[in-house]
Amino acid sequence: MTKRVGLFLALGLLVFGSLAVAETAVPETPGATPGGDLVIGVSQTFKDMDPRIANSAYDSYVINSVYDGLIILHPDTLAPSPWIAKSWDILSDSQVRFYLNEGITFHNGEPLTAEDVAFTFNWIADEANNSPNMTELIWMEEAVVVDEYTIDIFTKPEYAPFAPGFGNETQAIVPMDTVLEVGDEEFNLNPVGSGPYKFVEWLPGDRITLERNEDYWLVYPNLDTITYRPIPELSVMMLELESGGIDIADNMPAADVPRFMAMEDVNVEQVGSLSYFHMYFNMNSPISSDIRFRKACYMSVEMDDAVFSIFQNLTGVKAYGCIPPALWGNDQEWLEENVYLHEDDEEAQSLFAELKAEGVIPDGYTIRIHTPLDPRRRQLATIMATSLIENGVDAEVIPLDWGPLLDLAYRSESDPVGDFEMMWMGWSGGPDPHDFIFYMFHSANATVGSADNMSFYSNPTVDELIDEADTTLDQDVREQKYVEAQRIVYQAYAAIPGYHYVETRGVRTRVQGFQISPLSNHWMCTPYHNVWILGG
């Protein structure tokens with residue numbers, strides 16, 4: 001699942017401008033005893049540990065503990081709150097001045113200053129670096145150092161989704177001098193942050209291990225070590241959770257929820273998430289770029305039933321558009337009534353026969369559906385492939401590890417088309433519709449090598465509507481524009497909406513202070529958290 005976090009200006013400026021900012025301090029945790037080793041089961045493998053390029057919710061689990069962010073979103077209100085920045089001033093509608101906490105050091109002893117903050121933000125925003133997170137900073141003009149512990153960030157005026165990513169781990173601060181010394185590739189493999197836990201080792205496919213930063217500036221972190229274990233097979237993860245092999249499971253199948261709820265030594269924690277999972281079509285492919293093919297695939301499956309069979313309305317609910325039901329502008333009812341295609345095998349078979357007769361689908365060709373190792377998306381992909389075969393089209397499911405899957409989705413200069421027809425992908429955004437529709441369907445994000453718009457969908461009218469919504473502060477106008485853009489996208493059947501995930505974690509009762517987040521974050525030690533283990 002890729003990830004974005006944003007704040008719209010109507011919220012951002014009001015909160016930034018009116019927030020009574022205090023010195024950053026972690027609240028007391030009565031009874032907490034330092035010590036102990038925490039093991040977290042992760043349902044995907046890891047790809048990047050450099051927050052400037054990391055674009056996966058799973059990588060962020062680690063990044064959130066190795067690095068500090070400029071600010072953090074309050075876990076209850078999602079309001080921007082102090083972290084590295086102890087306070088800030090709105091100097092104009094296009095200039096925010098941040099005052100940094102002094103005395104923060106990176107794990108190698110290098111002091112964290114305004115230079116590091118400016119370097120991090122400006123590097124991501126620089127098109128020459130081709131960061132997957134570049135579009136998160138589309139609102140930013142430049143980060144400018146004022147003095148050692150003061151930085152000005154200049155924004156584009158009247159840009160409504162203000163400060164996307166300010167509270168996101170993808171804008172965690174990296175040490176400029178270290179990065180320039182070791183190079184980007186080496187830094188990505190051996191990250192150095194200023195956060196509560198220090199990187200120890202990364203054994204690909206097996207684990208990532210962190211240890212306590214004894215000199216953490218904010219508070220004494222409670223845990224001795226944190227180990228992140230990729231366990232893509234959720235049945236295996238559930239066995240590990242039940243036996244105590246892991247302390248936290250980042251995913252839980254719906255069928256296992258009642259069983260674990262009945263256990264005395266495991267808590268099942270849930271919260272509605274700002275997420276969206278869908279099967280998108282590769283609009284560059286000569287086969288899936290044909291709307292008849294996309295509609296025929298859609299009509300091959302009753303997606304409502306498929307989603308319910310897997311999630312039982314316990315760990316996921318059916319999606320009809322990309323914007324989650326909790327956000328304004330979601331338009332779910334209209335999309336369900338006017339765009340959703342029910343299963344119609346007769347019509348699907350007719351369209352497939354037509355496409356074969358015209359040579360759009362070559363003789364003997366096999367449709368490729370790529371998916372991550374996540375068993376739920378593999379199940380949905382298998383349902384789709386089985387239905388396509390029943391309707392006269394050969395199809396196969398190709399599960400891929402997270403790194404190769406993203407490489408395929410991003411495309412490359414040598415293969416800008418993309419060697420696939422369909423792919424199941426997930427997205428985690430923030431409290432603004434922009435964080436979903438802009439990234440997934442604006443043509444500015446259909447960029448070879450860093451595409452958030454992984455379907456490479458492009459429509460000038462949709463681009464214009466999203467741009468208009470992003471550059472007015474009138475929320476009624478914004479909602480109208482986002483709704484209109486969604487209706488165009490989904491009537492083109494560029495994607496088949498799947499589900500909105502209900503964030504579900506299995507947490508052993510010995511783990512204290514862990515708070516589940518609607519933004520898919522795992523926070524171990526921040527201005528609002530300091531996870532600890534009973535008995536140390």
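The following questions and answers concern a predicted model.

User: Is Ile71 buried or exposed?
Analyst: Ile71 belongs to strand E3, which covers residues 71-73. A residue counts as buried under 20% relative accessible area. Ile71 has a relative accessibility of 1%, so the residue is classed as buried.

User: What distance separates the C-alpha atoms of Ile71 and Pro286?
Analyst: Along the chain, Ile71 and Pro286 are 215 residues apart. In space, the separation between their C-alpha atoms is 45 Å.

User: Is Ser273 buried or exposed?
Analyst: Ser273 is found in the loop that links strand E13 (266-272) to strand E14 (275-281). Its relative accessible area is 7%. The cut-off for burial is under 20%, and Ser273 is therefore buried.

User: Which residue offers its backbone oxygen at 2.4 Å from a polar atom of the Ser273 side chain?
Analyst: The side chain of Ser273 also has a polar contact, at 2.6 Å, with the side chain of Ser275. Beyond four places in sequence, Ser273 touches Pro324, Tyr501, Val502, Glu503 and Pro518. The backbone oxygen at 2.4 Å is that of Tyr501.

User: Which helix gives the largest share of the largest nonpolar core?
Analyst: The largest nonpolar core holds 77 residues, and Met524 is among those with the most contacts inside it. Seven residues of this core, its largest share, come from helix H3.

User: How many residues are in the second, separate core?
Analyst: This second core is separate and includes Ile367, Leu388, Met422 and Val462. Its number of residues is 70.

Definitions and conventions. Residues are numbered from 1 along each chain as its sequence is written. This is a predicted model: local features need pLDDT of at least 70, side-chain atom pairs count only at pLDDT 80 or more; totals for chains, interfaces and linings use all residues. Side-chain values use heavy atoms; hydrogens and water are left out. Helices (H or I, at least four residues) and strands (E, at least two) are DSSP runs, numbered from the N terminus. Buried means under 20% relative accessible area, exposed over 50%, partly exposed in between (1.4 Å probe, protein chains only). A polar contact is a pair of N or O atoms within 3.5 Å; within protein, one must be able to donate a hydrogen and the other to accept it, and residues adjacent in sequence count only if both atoms are side-chain atoms. Contact means heavy atoms within 4.5 Å. A nonpolar core is a set of buried Ala, Val, Leu, Ile, Met, Phe, Trp, Tyr and Cys residues joined through side-chain atoms within 4.5 Å.
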